[in-house]
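Okay, thanks for coming, everyone. I've got one model to walk through today, so let me put it up on the screen.

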Amino acid sequence: MEKDAVKLAPSILAADFARLGQQVAEAEQAGADRIHVDVMDGHFVPNLSMGAPIVQSLRRVTRLPLEIHLMVTDPDVFLDEFVEAGSDSFLVHWEGNANLHRTVQRIKALGKPAGVVINPATSASVLEEILQDVEQVLIMTVNPGFGHQHFVPTTLSKIHRVREMIEKMKSGCDVEVDGGIDAKTAPLAVAAGANVLVAGTAIFGESKGVAAAMERLRAAIP
Ligand code: DX5
Ligand code: ZN
């Protein structure tokens with residue numbers, strides 16, 4: 001993967017919510033490619049985060065695409081209000097969704113790109129039948145629910161497998177990774193085949209500021 005082809009998606013879960021607009025503006029100025037919004041309902045994952053009103057506010061302060069990572073029990077229920085709020089794309093989990101194809105079709109009917117997400121214990125093989133219908137695959141490199149966790153190293157071989165599947169079946173589909181991405185793990189994920197890196201703590205939790213943190217991440221990619 002060419003260094004310039006790797007996209008950065010700052011996750012606002014790690015941002016200072018009292019200064020959210022400012023932090024997103026800093027990320028945009030520093031060359032972020034999209035903003036990753038983690039939506040958690042306290043059921044699908046044991047944590048609560050944010051809903052459509054945050055997207056509505058962010059829409060007014062950034063031109064960057066807002067990608068919505070839905071960690072909720074019934075994603076279909078929330079799609080309309082997130083689109084109305086100004087969301088640009090959706091990432092929905094394979095886990096717990098008995099009608100994933102229907103969810104993906106609903107996202108497409110709303111005119112938005114869809115991505116499918118798989119957790120660390122889920123095999124890449126579950127993607128085979130849905131790959132043709134999505135624009136993106138998100139491989140969780142931690143168990144979803146919280147920021148600031150350690151990268152799960154066994155996901156590296158899965159990133160590689162997913163990249164191979166995509167080259168065979170649907171080239172152009174993004175391979176995104178999420179969780180524990182920092183200057184140490186980013187080069188490993190990119191070498192394995194990832195081309196979009198979500199990072200929360202490594203971007204918003206750095207004492208030297210958002211721009212310096214993003215520069216550090218970019219510099220770490222070979
Ligand atoms: C975790 C979320 C991640 C989280 C990543 O469930 O999906 O997007 O914000 O945070 P870091 O980069 O701190 O691991
Ligand atoms: Zn996420």
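How many residues does helix 5 have, and how far does it reach from its first C-alpha to its last? Helix 5 has 15 residues and spans 21 Å between those two atoms, close to the 21 Å expected at 1.5 Å a residue. Before I go on, keep in mind that this is a predicted model.

Let's stay with helix 5. Its buried residues are Thr 155, Lys 158, Ile 159, Val 162, Arg 163, Met 165 and Ile 166. Look down the axis and those residues sit within an arc of 160°, so they line one face of the helix. And what do they pack against? You've got strand 5, at 114-118, strand 6, at 136-140, strand 7, at 174-178, and then helix 6.

That last one deserves a closer look. Helix 5 covers residues 155-169 and helix 6 covers 185-192, and the two pack at about 35°, with 8 Å between their axes. On the helix 5 side, the contact uses Leu 156, Ile 159, His 160 and Arg 163, and helix 6 brings Leu 188, Ala 189 and Ala 192. By character, that contact splits into 5 nonpolar residues, 1 polar and 1 charged. Ile 159 and Arg 163 come up twice here: they're among the buried residues of helix 5, and they're also part of the contact with helix 6.

Now back up a bit along the chain, to the loop between strand 6 and helix 5. His 148 is in that loop, and Gly 147 is there as well. What's the phi of His 148? It's near 60°, so to speak on the positive side, in a residue other than glycine. Buried or exposed, then, for His 148? It counts as exposed, at 69% relative accessibility. Gly 147 comes out as partly exposed, at 44%. Leaving out residues up to four places away in sequence, Gly 147 touches Leu 13 and Thr 201. If you want a distance to orient yourselves, the C-alpha of Gly 147 is 17 Å from that of Ile 118, which is 29 residues away along the chain.

Okay, two other helices. Helix 2 runs over residues 52-61, and its buried residues are Ala 52, Val 55 and Leu 58. They take up an arc of only 115° around the axis, which puts them on the same side of helix 2. What covers them includes helix 1 (20-29), strand 2 (35-40), strand 3 (66-71) and helix 3 (79-85). Which exposed residues sit on the face turned away from that buried side? Those are Pro 53 and Arg 60.

While we're at helix 3: Asp 80 is in that helix, and it's partly exposed, with a relative accessible area of 44%. Its C-alpha is 9.8 Å from that of Ala 52, and the two are 28 residues apart along the chain.

Then helix 4, residues 100-109. Leu 100, Thr 103, Val 104 and Ile 107 are the buried ones. Their arc is only 100° around the axis, which puts them on the same side of helix 4. They pack against helix 3, strand 4 (89-93) and strand 5. Just after helix 4 you'll find Gly 111, with a positive phi of about 80°.

Right, the core. Which residues touch the most other members of the largest nonpolar core? There are 61 residues in it, and Ile 12, Leu 70, Val 137 and Leu 197 are the ones with the most contacts to other members. Take Ile 12: beyond four places in sequence, it touches Phe 17, Leu 20, Val 24, Ile 35, His 36, Val 37, Met 50, Ile 54, Leu 58 and Phe 204. Leu 58 you'll remember from the buried side of helix 2. Apart from the largest core there's another one, of 5 residues, including Leu 91, Val 117, Leu 138 and Met 140.

One last stop, Ala 15, in the loop between strand 1 (7-10) and helix 1. Buried or exposed? Ala 15 is buried, with a relative accessible area of 12%. Its contacts, leaving aside neighbours within four places, are Leu 20, Gln 23 and Phe 204. Leu 20 and Phe 204 are also on the contact list of Ile 12.

That's my tour, thanks.

Definitions and conventions. Residues numbered from 1 in each chain as written. Chains lettered and ligands numbered in written order. Predicted model: local features only at pLDDT ≥ 70, side-chain atom pairs only at ≥ 80, totals over all residues. Heavy atoms only, no water. Axes fitted to C-alpha atoms, helices over the stretch in contact; angles between N-to-C directions. Helix = DSSP H or I, 4+ residues; strand = E, 2+ residues; numbered from the N terminus. Contact = heavy atoms within 4.5 Å. Nonpolar A, V, L, I, M, F, W, Y, C, P; charged D, E, K, R; others polar. Expected span 1.5 Å × (residues − 1). Buried < 20%, exposed > 50% of the residue type's maximum accessible area, 1.4 Å probe, protein only. Arc of directions from axis to C-beta. Core = buried A, V, L, I, M, F, W, Y, C linked by side-chain atoms within 4.5 Å.
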